[in-house]
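Here is a friendly walk through one protein model, written for someone who likes to know the cut-offs behind each term. Have the viewer open and follow along.

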Amino acid sequence: PTLVESESRLKWLKHNFNVVTNYTSKSSFWTMQGKFESVRTDYEDDNYSNFDNIKRYFSLHNEFNFFPETAIFFGVRAGYSTYLAGMDVEPYGNSDSVHYEGYLGVDGRITSTVSMDVKLGFIWLDYQFGSDFHEPVFLLKFTDMFSGIHSVSAGYERMVYDSMYSNFYVNQRMFLEFKSLWFDNFINMTTIQYVNRYYRQSGKRIDHGLAFITEMAVPVFIFNRIGQNISLIGRFLAEWLNSDAYNIYGWYTGQDMSADYKRFYILLGLTTKY
């Protein structure tokens, strides 16, 4: 797993299931999206079965367009996280929790070429055992569409997540994103980002991550009748992580699996999302 996907370096199998439904009013003034998502993580090594986890969430997102290219939005998300081994396992058990989140924001154009996204929210995680937490979350993003086929975005995001090591952690991400269309049908998306992750409870582990991600896609099959393209996609990631390794985490007095590392991967496949 990469820094932006998981806090663990262990080997795991992940199952994702999502159902999304959308509604748009006749005037297009109001749009609504409902979503159910389920993520199950199973660790390969039986010694870490206390990390096996399932998360399920329901969310509802609403947007109101009060100008042609500007919308105000708000939403809620609720669900739960269950550790399958429970609390009575060695070296320590993890606590189940219930997740509540509410947010609101504005998405719209501020000049002829520049748009801005602002999102403010609040997350509460209610743990079955241990300390609960309440944390604000925030997103600020500017996008400059400096031509019809090229754009650049810059932003800052603050999020919080449930942690298998120490109750929860705060993720602060700063990023630059470039999107381009080359030769009419060749799509390129590149992201450069810095992530600061710090753990708020026992251990106080801090990670610093720098990542370069580029993704390219080109249509190989075009189905005009259904308006879909099957595209060949290639994704390359290079990531560097620096961590204050060997902290004590949770109730276990062993070494934190957070040593520095470098990671590279290349992914090739087919997709319909372009």
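Strands S10 (residues 186-199) and S11 (residues 206-223) are antiparallel partners, paired over 12 bridges. Here, two strands count as paired if DSSP finds at least two bridges between them, and strands themselves are DSSP runs (E, at least two residues; helices are H or I, at least four), numbered from the N terminus. Across this pairing, Thr191 stands opposite Ile213 in S11. On to the next strand: S11 is also joined to S12 (residues 228-243) by 16 bridges, again antiparallel, and there Leu237 is the bridge partner of Ile213.

A word on the source: this is a predicted model, in which local features need pLDDT of at least 70 and side-chain atom pairs count only at pLDDT 80 or more, while totals for chains, interfaces and linings use all residues. Residues are numbered from 1 along each chain as its sequence is written, and side-chain values use heavy atoms, with hydrogens and water left out.

**Overall make-up**

How many helices and strands does the protein have? The count is 0 helices and 13 strands. Of its 274 residues, 37% are buried, where buried means under 20% relative accessible area, exposed over 50%, and partly exposed in between (1.4 Å probe, protein chains only). Taking contacts (heavy atoms within 4.5 Å) between residues at least 6 apart in sequence, 52% join residues at least 24 apart. The protein exposes about 15,600 Å², and 61% of this comes from carbon and sulfur atoms; accessible areas come from the Shrake-Rupley method with a 1.4 Å probe, and for residues only the protein chains shown count as cover.

At the N-terminal side, S1 (residues 12-24) and S2 (residues 30-43) pair in the antiparallel sense over 13 bridges, with Tyr23 opposite Met32. Their hairpin has 5 residues between the strands, and Ser28 in it takes a positive phi near 65°.

**Salt bridges**

Side chains of opposite charge can pair when their charged atoms come close. The whole structure holds 10 salt bridges, each being a side-chain nitrogen of Lys or Arg within 4 Å of a carboxyl oxygen of Asp or Glu. Three of them are listed here, with their N to O distances.

| Salt bridge | N to O distance |
|---|---|
| Asp42 and Arg40 | 3.2 Å |
| Arg109 and Glu69 | 2.4 Å |
| Lys141 and Glu177 | 3.3 Å |

Lys141 lies in S7 (residues 133-147) and Glu177 in S9 (residues 167-182), so their salt bridge ties together parts that are 36 residues apart in sequence. Are these two residues buried or exposed? Both Lys141 and Glu177 are buried. Salt bridges with shared partners also join Glu37, Arg77 and Glu101 into one network.

For the pair of Asp42 and Arg40, Asp42 counts as buried because its relative accessibility is 19%, whereas Arg40, at 35%, counts as partly exposed. In the remaining pair of the table, Arg109 is partly exposed at 38% relative accessibility, and Glu69 is partly exposed at 48%.

**Cores and surface**

In soluble globular proteins, nonpolar side chains tend to be buried together. Which residues make up the largest nonpolar core? Its 9 residues are Ile123, Leu125, Tyr127, Phe133, Val137, Met159, Val160, Phe168 and Val170. A nonpolar core is a set of buried Ala, Val, Leu, Ile, Met, Phe, Trp, Tyr and Cys residues joined through side-chain atoms within 4.5 Å. S6 (114-127), S7, S8 (150-163) and S9 each supply at least two residues of this core, and S6 gives the most, with 3 residues. A second, separate core of 6 residues includes Leu10, Phe51, Tyr92 and Met164.

Also in S7 is Phe138, which is partly exposed because its relative accessible area is 27%. Leaving aside neighbours within four places in sequence, Phe138 contacts Val118, Lys119, Leu120, Tyr156, Glu157 and Arg158.

On the surface, Leu176, Phe178, Ile192, Leu210, Phe212, Trp240 and Phe264 form a nonpolar patch with about 600 Å² of accessible area together. S9 and S11 are the elements giving two or more residues to this patch, while Phe264 lies in S13 (residues 261-271). Patches are made of residues with over 30% relative accessible area and no salt bridge; like charges are joined within 9 Å, and nonpolar side chains (Val, Leu, Ile, Met, Phe, Trp, Tyr) within 5 Å.
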